[in-house]
Amino acid sequence: MQHKVNILEPTDLWYLQNNINKETNKLYHPTKDIPFVQQVEIKLENSGVVIQKGSLHNCVGKLTYDVYKTDNRLKDIWISLSTEVDFNAPVYRGTGTVYLEPRHKGNFLYYTPIELLEQEQWEFDDGVFQFCSDNVVLGTKRLKFKQAAGSNDGRWRIALSALRGQIAQVVVATIAPTKIIELKQGEILIADYDMVKGFTKGIEEDYRKLGYFGKGGGEGYVWFYSGEGKLLVSESEGLNLG
């Protein structure tokens, strides 16, 4: 499975019909919005992809369609994910190209590919997960009320683990750039915004008050992360720098 993020620009005819000089105003016009579009293209070569529900735009090639459901033979792996609900989503297998729903300018996202190593489990908010290779086990679990209130990315958490002896790939999308950092034993991460978009098994997450007004700083509710593992963080979310 390979993917690329395309930025599609208007045709020459669009510029002509809107009386815009493409040579001087290709990217910006003072009175008209230039309708650029972002679209993800996924190439399959005798492989498969699980995509987020409702995200398909079109597909072409020698492809078969199915619905991902947790395989009973893999229940032992799935149970180890500590999930509560089977994950159901579209799966496309074979050789061809899958295009996801386009996003118009102003709603572009940053896409981050993550390699799922053997025996490595990741958890992501459901609004962050976009698609992954089909050699994974997936499950979902509902966020606690306080966590859902503090999260910008949905009310469910998606857990993924590669099949034994295999390396899988997952792609996530966020409104600001992300990077992976490692948290070592004894270290903590505290953030007063939804900074962490995913983490591996071994990381403990909590959303609680840090002190009280007039006592201990009065920060209110903040995110706590401790343990040992990897974190997918978006340091610039909320700064409007994306």
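**Cavity lining, strand pairing and aromatic contacts in a predicted model**

Strand S15 makes the greatest contribution to the lining of the largest cavity, giving four residues to it. The structure is a predicted model, and a search of the whole of it finds one cavity of 30 Å³ or more, with a volume of about 50 Å³. The lining of the largest cavity consists of Glu123, Phe124, Asp125, Arg157, Asp194, Val196, Lys197, Gly198, Phe199, Glu205, Trp223 and Tyr225. Two or more of these lining residues come from each of strand S8 (121-125), S15 and strand S17 (215-227).

Strand S15 (residues 196-200) also takes part in strand pairing, being joined to S18 by three bridges in an antiparallel arrangement. Strand S13 (residues 179-183) likewise pairs with S18 in the antiparallel sense, over five bridges. Leu232 of S18 is the bridge partner of Ile180, and Leu232 is also the bridge partner of Gly198, a residue that belongs to the cavity lining as well. Because four of the five residues of strand S18 (residues 229-233) are buried, this strand is largely enclosed by the rest of the structure.

Aromatic contacts form a further part of the description, and the structure holds six aromatic pairs. One of them joins Trp14 and Tyr15 in an edge-to-face arrangement, with 5.3 Å from centre to centre and 90° between the planes; both Trp14 and Tyr15 are buried. Tyr65 and Tyr92 form a tilted pair, for which the centres are 5.4 Å apart and the planes stand at 55° to each other. This pair links distant parts of the chain, since Tyr65 belongs to strand S3 (residues 56-68) and Tyr92 to strand S5 (residues 89-100), 27 residues apart. The two partners have opposite settings: Tyr65 has a relative accessibility of 53% and therefore counts as exposed, whereas Tyr92, at 6%, counts as buried. In addition, Phe199, Tyr207, Trp223 and Tyr225 form one aromatic cluster, and Phe199, Trp223 and Tyr225 are also among the residues that line the largest cavity.

Two asparagine residues are notable for their backbone angles. Most residues other than glycine have a negative phi. Asn19, however, has a positive phi of about 55°, and its place is in the loop between helix H1 (12-17) and helix H2 (22-25). With a relative accessibility of 70%, Asn19 counts as exposed. Asn46 also has a positive phi, near 50°, but lies in strand S2; its relative accessible area is 72%, so Asn46 is exposed.

The confidence of the prediction varies along the chain, for which the mean pLDDT is 84, with 82% of the residues reaching 70 or more. Among the elements of the chain, strand S2 (residues 37-51) has the highest mean pLDDT, at 96, and helix H3 (residues 75-80) the lowest, at 48. Over residues 76-80 the pLDDT stays under 50, and the model has 14 contacts beyond four places in sequence for these residues. Where pLDDT is low, the predicted coordinates should not be read in detail.

Key
Residues are numbered from 1 along each chain as its sequence is written. This is a predicted model: local features need pLDDT of at least 70, side-chain atom pairs count only at pLDDT 80 or more; totals for chains, interfaces and linings use all residues. Side-chain values use heavy atoms; hydrogens and water are left out. Rings of Phe, Tyr and Trp (its six-membered ring) pair if their centres lie within 6.5 Å; planes under 30 degrees apart count as stacked, over 60 as edge-to-face and the rest as tilted. Buried means under 20% relative accessible area, exposed over 50%, partly exposed in between (1.4 Å probe, protein chains only). pLDDT is the predictor's confidence in each residue, from 0 to 100. Contact means heavy atoms within 4.5 Å. Two strands pair if DSSP finds at least two bridges between them. On a 1 Å grid over the protein atoms alone, a cavity is a set of points where a 1.4 Å probe fits but cannot get out, and a pocket is an open set with protein on both sides within 12 Å along at least five of seven lines; lining residues have an atom within 4 Å of a point. Grid points are joined across faces, edges and corners, and a volume is the space filled by probe spheres set on the points.
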